[in-house]
Amino acid sequence: MIYITQLIFIKKGKEVVFNKFEALAIPIISDYNGKLIYRLRLTQDNYITSEEELPYEIHFVSFGSEQDFVNFSNDERRKSFLHLKNDAIKSSFLVKGVKL
């Protein structure tokens with residue numbers, strides 16, 4: 001089992017495009033032995049300290065294996081709407097880990 005934590009930074013004014021991408025991408029996760037555990041949108045009040053730009057969303061996802069994650073990433077349906085992700089996301093920070 002692997003865990004993915006992703007901090008997502010959106011281009012200003014592209015929230016609708018990002019949400020459209022998410023509506024298409026999130027259901028595919030389960031096709032690859034994956035599960036969206038948390039999808040968080042925090043407000044400024046939720047941050048104790050930050051010297052950096054705050055993320056628009058934070059995702060915490062699990063996959064049965066690294067290969068399941070690779071297969072999800074290479075899914076042809078997902079590739080067909082990656083232009084939405086590229087249009088909406090300024091940057092992201094992805095951390096892979098395992099349960100200790």
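# A tour of the model, stop by stop

Start by selecting glutamate 66, which is partly exposed, with a relative accessible area of 34%. You are looking at a predicted model.

## Stop 1: from helix H2 to strand S4

Keep glutamate 66 on screen and add lysine 96. The two form a salt bridge, with the closest N and O atoms 2.8 Å apart. Lysine 96 sits in strand S4 and glutamate 66 in helix H2, so their pairing ties together parts that lie 30 residues apart in sequence. Lysine 96 is also partly exposed, at 45% relative accessibility. Strand S4 covers residues 89–97.

## Stop 2: further along helix H2

Helix H2 runs over residues 66–73, and aspartate 68 is part of it. Select aspartate 68 next. Is aspartate 68 buried or exposed? Aspartate 68 is buried, and it has no salt bridge. Look for the nearest side chain of opposite charge: you will find arginine 77, 12 Å away. A salt bridge needs a nitrogen and an oxygen within 4 Å.

What does the side chain of aspartate 68 meet instead? Show asparagine 33. A polar contact of 3.2 Å joins the two side chains. Now colour Tyr32, Asn33 and Phe63: these are the contacts of aspartate 68 once neighbours within four places in sequence are left aside.

## Stop 3: asparagine 33

Stay with asparagine 33. Its place is the loop between H1 and S2. At 51% relative accessibility, asparagine 33 counts as exposed. Check its backbone too: phi is near 60°, a positive value in a residue that is not glycine. Most residues other than glycine have a negative phi.

## Stop 4: glutamate 22 and its network

Move to helix H1, residues 15–29. Select glutamate 22 and arginine 39. Their side chains meet in a salt bridge, at 3.7 Å from N to O. Glutamate 22 belongs to helix H1 and arginine 39 to strand S2 (residues 34–40), so this pair ties together parts 17 residues apart in sequence. Compare the two ends. Glutamate 22 is buried, at 5% relative accessible area. Arginine 39 is partly exposed, at 37%.

Which residues make up the network of salt bridges here? Add Arg41 and Glu57 to your selection: they are linked with Glu22 and Arg39. Across the structure there are nine salt bridges.

## Stop 5: the largest pocket

Turn on a surface view. The largest pocket has a volume of about 320 Å³. It is lined by 20 residues, and those closest to its centre are Gln6, Glu22, His59, Phe72 and Arg78. You have already met Glu22, as part of the salt-bridge network.

Which element gives the most to the lining? Helix H1 does, with six residues. At least two residues each come from strand S1 (2–10), H1, strand S3 (57–63), H2 and S4.

## Stop 6: helix H3

Select arginine 78, one of the residues closest to the pocket centre. Arginine 78 is found in helix H3. It is buried and has no salt bridge. The nearest side chain of opposite charge is aspartate 75, 7.2 Å away. Leave aside neighbours within four places in sequence, and arginine 78 is in contact with Ile28, Phe72, Ser73 and Lys85.

Now pick glutamate 76 and lysine 79. These do form a salt bridge, with the closest N and O atoms 3.6 Å apart. Both lie in helix H3 (residues 76–80), three residues apart, about one turn of the helix. Glutamate 76 counts as exposed, at 57% relative accessibility. Lysine 79 counts as partly exposed, at 40%.

## Stop 7: the loop between S1 and H1

End at lysine 11, in the loop between S1 and H1. Lysine 11 is partly exposed, at 32% relative accessibility. Which residues does lysine 11 contact, leaving aside neighbours within four places in sequence? They are Asn86, Asp87, Ala88, Ile89 and Lys90. Zoom in on aspartate 87: the side chain of lysine 11 reaches its backbone oxygen at 3.3 Å. Then take a C-alpha distance from lysine 11 to asparagine 86. It is 9.9 Å, though the two are 75 residues apart in sequence.

Glycine 13 lies in the loop between S1 and H1 as well. At 56% relative accessibility, glycine 13 counts as exposed. Select alanine 88 with it: the two are 75 residues apart in sequence and 8.4 Å apart in space, C-alpha to C-alpha.

Definitions and conventions: Residues numbered from 1 in each chain as written. Predicted model: local features only at pLDDT ≥ 70, side-chain atom pairs only at ≥ 80, totals over all residues. Heavy atoms only, no water. Helix = DSSP H or I, 4+ residues; strand = E, 2+ residues; numbered from the N terminus. Buried < 20%, exposed > 50% of the residue type's maximum accessible area, 1.4 Å probe, protein only. Lys, Arg positive; Asp, Glu negative; His and termini not counted. Polar contact = N/O pair within 3.5 Å; in protein donor to acceptor, adjacent residues only side chain to side chain. Contact = heavy atoms within 4.5 Å. 1 Å grid on protein atoms, 1.4 Å probe; cavity = no way out; pocket = protein on both sides within 12 Å on 5 of 7 lines; lining within 4 Å. Points joined across faces, edges and corners; volume = space filled by probe spheres on them.
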